[in-house]
Amino acid sequence: MTWTTDEPPTALRVLAVDDEKPALDELVYLLSTQSGVGEIHRAGESTSALRLLRAHPIDAVFLDIDMPGLTGMELAGILSEFAEPPVVVFVTAHDDHAVAAFDLGAVDYLLKPLRGARLAEAVRRILAARTAPVPAAPPPEPAHPSEVIPVELGGVTTLVHRADVAWVEADGDYARLHTGTGSHLVRIPLSALESRWENAGFLRVHRSYLVALRLVTGLRSAGSGTVVCLRAEGATGAVELPVSRRQVRELKQRLVHGPRQNWSQR
């Protein structure tokens, strides 16, 4: 849902994120009363927030911390990797994460219950941050050379580039590579690809699955477990794959702290 105020076109375009609907409703309402705030988007968790951020230009994100799936801190870490990251303001009931919040580049840290005057100060800080000089971006990290895997089918050999692989599925002692043009069965165990591709942006999230981190759009709870969401890639549709309990933490850490080239374009 989008809330549009009567502010001029130069007003802030903001996104409010909170998994508790009453708190989210209150935040959206208070934002709508602030001078300088224009278009307001809302999301109930981090995956929806990332989807909105890909679909709409957003100047600032007002973000809860304690949320299912990706926490607010983890989402802020992802946002910091965007080519043009939005300004982040944390809105939380917990006062013990402020140091970590400012380490992530947050411009303010608001405690619930939220007061209009305190929110107005945060909006002023955002406007000040927009006019501050922007430091030059660091040079991009060198890309890993793409390994090529020969795939034989019916006497024809096809060369599959690692860069074209979205995810890999264990198939007995073999592995099935899922690419934008289809799937390919290769005589390589999944464990071997895991060790060879670990430093090239792939992670074993389950005993049966290896995924390309560049395609991950989020995590969500599913029953008593967690699934990782991958965006569509060519002929390969969007997919959700199970994540082992012991891999959830590592996956979150790799998404937040690891290199993610062009994350903001996904």
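**Figure 1. The salt bridge between R125 and D108 in the predicted model**. The side chains of R125 and D108 meet with an N to O distance of 3.3 Å. R125 belongs to helix α5 (residues 116-131) and D108 to strand β6 (residues 108-111), so the contact links distant parts of the chain, 17 residues apart. The two partners differ in their surroundings: R125 is partly exposed, with a relative accessible area of 34%, whereas D108 is buried at 1% relative accessibility. The pair also belongs to a network of salt bridges that links D108, R118, E121, R124 and R125. In total, 15 salt bridges are counted in the model.

**Figure 2. The salt bridge between D25 and R42**. An N to O distance of 2.5 Å separates the side chains of D25 and R42. D25 lies in helix α1 (residues 21-32) and R42 in strand β3 (residues 37-43); the pair therefore ties together parts that are 17 residues apart in sequence. D25 has a relative accessibility of 29% and counts as partly exposed. Other positions of α1 are buried, namely L24, L27, V28, L30, L31 and S32. The length of α1 agrees with expectation, because twelve residues at 1.5 Å a residue should span 16 Å and the end C-alpha atoms are 16 Å apart.

**Figure 3. The salt bridge between E147 and R162**. The closest N and O atoms of E147 and R162 are 4.0 Å apart. Both residues lie in loops: E147 in the one between α5 and β7 (148-153), and R162 in the one between β8 (156-161) and β9 (165-171). The salt bridge therefore ties together parts that are 15 residues apart in sequence. E147 is partly exposed, with a relative accessible area of 21%, whereas R162 is buried at 8%.

**Figure 4. The five-stranded open sheet**. The strands follow the order β11-β10-β9-β13-β12, with antiparallel pairing. The edges are formed by β11 (182-186) and β12 (202-206), each of which pairs on one side only. From one strand to the next, the twist averages 20°. Strands of a sheet pair through backbone hydrogen bonds, either parallel or antiparallel. At one edge of the sheet, β12 pairs with β13 (residues 209-212) in the antiparallel sense over four bridges. F202 has A212 in β13 as its bridge partner.

**Figure 5. The buried side of helix α6**. Within α6 (residues 190-197), the residues L190, L193 and W197 are buried. These three residues cover an arc of only 60° around the axis, which means that they lie on the same side of α6. An α-helix has 3.6 residues a turn, so residues three or four places apart point the same way. The buried residues of α6 pack against β7, β9, β10 (174-179), β12 and β13. Among these packing partners, β9, β10, β12 and β13 are also members of the five-stranded open sheet.

**Figure 6. Strand β15 between β14 and β16**. Five of the six residues of β15 (residues 225-230) are buried, so this strand is largely enclosed by the rest of the structure. Strand β14 (residues 216-222) runs antiparallel to β15 and is joined to β15 by six bridges. S221 stands opposite T226 in β15. The hairpin of β14 and β15 has two residues between the strands, and G223 takes a positive phi near 65° there. Strand β16 (residues 239-243) also runs antiparallel to β15, with five bridges between them. In this second pairing, C229 stands opposite E240 in β16.

**Figure 7. The surroundings of K252 in helix α7**. K252 is found in α7 (residues 245-257). The residue counts as buried because its relative accessibility of 17% is under the 20% cut-off. Apart from its neighbours within four places in sequence, K252 is in contact with G69, L70, E74 and L219. One of these contacts, L219, falls in strand β14 (residues 216-222), which is joined to β15.

Terms used. Residues numbered from 1 in each chain as written. Predicted model: local features only at pLDDT ≥ 70, side-chain atom pairs only at ≥ 80, totals over all residues. Heavy atoms only, no water. Pairing = 2+ DSSP bridges. Axes fitted to C-alpha atoms, helices over the stretch in contact; angles between N-to-C directions. Buried < 20%, exposed > 50% of the residue type's maximum accessible area, 1.4 Å probe, protein only. Arc of directions from axis to C-beta. Contact = heavy atoms within 4.5 Å. Expected span 1.5 Å × (residues − 1).
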